Amino acid sequence: MALIKLVDPSTLEGTPREVAESGIAQYGKALNTWQAIMNKPDMFAAYLPFLRQVAGPGVLEGELKDLSALYVGYLNNCQYTASHRSTSARAKGISDDQMRAVVNEDWSGLSDKYQIALEYTKALTLSPSVLSYTEAPQIVDEKLRAELKAHFSDVEILELTMSISVWNALARFHRVMGFELDMPEAPEGVKPL
């Protein structure tokens, strides 16, 4: 059961309602995350377009964004996030076996660029809670920072970092809210335990 009430989108007015209708047209339903955020309509009106900018098409490959976001959901033990991100990955042609390889850190079949991105994803997801600012002011070490700069443009680094950060925040939001799944479960071996 969700921590807070889920708002019926038909009760919204103006821009929040327009944003909700565009989301429903895209997904065929109002997602639980949206309905929770609709408790503050203006926040929802800003949230969905922002999320589309973060998760949608950009300079960085969509496949890499999806694999990184799925890995964030898995590392955060969030079934809701893993469900959504695996659904998105499947829609882009990513196989269940590819998803399993990512979450099991079997990255040998991936390009150096993808491996660096996933290592960065892991660091940004797990390190902030265990490394003090004194130990790692920028969370990742100089070697990983140099690899990022060597393999990614500034805009790609921005998109990847924003995506990882947003999915970390959303995975924590999803877990505390206790949403029922509104998309198919993540595949076996990808679904967090």
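## Helix α1 and its two sides

On one side of helix α1, E18 and A25 are exposed, meaning over 50% relative accessible area, while buried means under 20% and partly exposed covers what lies in between (1.4 Å probe, protein chains only). This is a predicted model, in which local features need pLDDT of at least 70 and side-chain atom pairs count only at pLDDT 80 or more, whereas totals for chains, interfaces and linings use all residues. Residues are numbered from 1 along each chain as its sequence is written, and side-chain values use heavy atoms, with hydrogens and water left out.

Turn to the other side of α1, and you will find P16, V19, A20 and G23 buried. Seen down the axis of α1, the buried residues fall within an arc of 100°, so they line one face of the helix; the arc is that of the directions from the helix axis to the C-beta atoms. The cover over these buried residues includes α2 (32-37) and α3 (41-55), with contact taken as heavy atoms within 4.5 Å.

## Length and end of α1

Helices here are DSSP runs (H or I, at least four residues), numbered from the N terminus. Helix α1 has 14 residues (residues 14-27), which should span 20 Å at 1.5 Å a residue, and its end C-alpha atoms are indeed 20 Å apart. The expected span is 1.5 Å times one less than the number of residues. Just after α1, G28 takes a positive phi of about 85°.

## Salt bridges

Side chains of opposite charge can pair when their charged atoms come close. The structure holds 14 salt bridges, each a side-chain nitrogen of Lys or Arg within 4 Å of a carboxyl oxygen of Asp or Glu. One of them brings us back to α1: the side chains of R17 and E21 meet at 3.1 Å, N to O. Both residues lie in α1, four residues apart, about one turn of the helix. R17 counts as partly exposed at 31% relative accessibility, and E21 counts as partly exposed at 44%.

Another salt bridge pairs R85 with D66, their closest N and O atoms being 3.1 Å apart. This pair links distant parts of the chain, with R85 in helix α5 (residues 79-91) and D66 in helix α4 (residues 62-75), 19 residues apart. R85 is buried, with a relative accessible area of 9%, and D66 is buried too, at 2%.

E105 and K122 also form a salt bridge, with closest N and O atoms 3.0 Å apart. E105 lies in the loop between α6 (96-103) and α7 (112-126) and K122 in helix α7, so the pair ties together parts that are 17 residues apart in sequence.
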